[in-house]
Amino acid sequence: MAMLRKEWSEEDITRLSYDMAIARAKVYKKWGFDINEIAALVDLPESKIRAVIDDHSDVRCVDCRYLEFSDLYGECSIGYKGIVWPNDSCGRGEPREEKE
């Protein structure tokens, strides 16, 4: 049986490293670390760390700016989850800006 092997691009590796840093920052936040302690432990810009610290809930797909609608279903436009249900959440979504 032949094994399939994925060739990782530089972009894949960068995105994975970034996602891992966000996940680690969220864990440190849950453990009660402050912004200076988190900044010393993860390789993220301070603005991103502040966004993680100030985030009080996960954005559900139904409220996410990356939600797009196809004919019969919703999809994540940046490909984190593919086809989504309204109450799904990937933990990386961003709130949709309200239209005025």
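Q: Among contacts in the protein between residues at least 6 apart in sequence, what percentage join residues at least 24 apart?
A: The structure is a predicted model, and its 100 residues, of which 21% are buried, can be examined through the contacts they make. Among the contacts that link residues at least 6 apart in sequence, the share joining residues at least 24 apart is 44%.

Q: In what order do the elements of the protein run from the N terminus on?
A: The secondary structure of this predicted model comes to 3 helices and 3 strands. Read from the N terminus on, these elements follow the order α-α-α-β-β-β.

Q: Which helix gives the most residues to the largest nonpolar core?
A: The largest nonpolar core holds 10 residues in all, among them A21, I22, I38, L44 and V52. Helix 1 (10-30), helix 2 (35-41) and helix 3 (46-54) are the elements that each give two or more residues to this core. The greatest contribution, 4 residues, comes from helix 1.

Q: How many residues are in the second, separate core?
A: Apart from the largest nonpolar core, which includes Y28, I35 and I49, the model has a second, separate core whose members include C64, Y66, C76 and V84. The number of residues in this second core is 7.

Q: What span, from first C-alpha to last, does helix 1 reach?
A: Helix 1 is made up of 21 residues, and at 1.5 Å a residue its expected span is 30 Å. The distance computed from its first C-alpha to its last is close to that expectation, at 31 Å.

Q: Which helices are included in what covers the buried residues of helix 1?
A: The buried residues of helix 1 are D12, D19, A21, I22, A25 and Y28, and A21, I22, A25 and Y28 also belong to the largest nonpolar core. What covers the buried residues of helix 1 includes helix 2 and helix 3.

Q: Why does D19 count as buried, and which residues does D19 contact beyond its neighbours within four places in sequence?
A: D19 has its place in helix 1, and it counts as buried because its relative accessible area is 14%, whereas the cut-off is under 20%. With neighbours within four places in sequence left aside, the residues in contact with D19 are Y80 and R92.

Q: Is V27 buried or partly exposed?
A: V27 also lies in helix 1, and its C-alpha atom is separated by 9.7 Å from that of I38, a residue 11 places away along the chain. Since the relative accessibility of V27 is 35%, the class that applies to it is partly exposed.

Q: Which residue just after helix 1 takes a positive phi?
A: Helix 1 covers residues 10-30, and the residue in question comes just after it, with a phi of about 95°. That residue is G32.

Q: Which residues form one aromatic cluster?
A: The count of aromatic pairs in the model comes to 3. One aromatic cluster is formed by Y28, W31 and F33.

Q: Which strands are the edge strands of the open sheet?
A: The open sheet has 3 strands in the order 1-2-3, with antiparallel pairing. Strand 1 is joined to strand 2 (residues 74-76) by 3 bridges, and one of the residue pairings places E68 opposite its bridge partner E75 in strand 2. The edge strands, each of which pairs on one side only, are strand 1 (67-69) and strand 3 (83-84).

Q: How far apart in space are Y73 and W85, C-alpha to C-alpha?
A: Y73 sits in the loop between strand 1 and strand 2 and counts as partly exposed, at 37% relative accessibility. Not counting residues up to four places away in sequence, Y73 touches E68 and I83. Y73 and W85 are 12 residues apart in sequence, and their C-alpha to C-alpha distance in space is 8.1 Å.

Q: Why is the sulfur of C64 too far for a bond with the closest cysteine sulfur?
A: C64 is buried, with a relative accessible area of 8%, and C61 likewise counts as buried, at 10% relative accessibility. The count of disulfides in the model comes to 0. A disulfide needs sulfur atoms within 2.5 Å, and the closest cysteine sulfur to that of C64, in C76, is too far for a bond because the separation is 6.2 Å.

Notes. Residues are numbered from 1 along each chain as its sequence is written. This is a predicted model: local features need pLDDT of at least 70, side-chain atom pairs count only at pLDDT 80 or more; totals for chains, interfaces and linings use all residues. Side-chain values use heavy atoms; hydrogens and water are left out. A nonpolar core is a set of buried Ala, Val, Leu, Ile, Met, Phe, Trp, Tyr and Cys residues joined through side-chain atoms within 4.5 Å. Buried means under 20% relative accessible area, exposed over 50%, partly exposed in between (1.4 Å probe, protein chains only). Contact means heavy atoms within 4.5 Å. Rings of Phe, Tyr and Trp (its six-membered ring) pair if their centres lie within 6.5 Å; planes under 30 degrees apart count as stacked, over 60 as edge-to-face and the rest as tilted. Two strands pair if DSSP finds at least two bridges between them. The expected span of a helix is 1.5 Å times one less than its number of residues.
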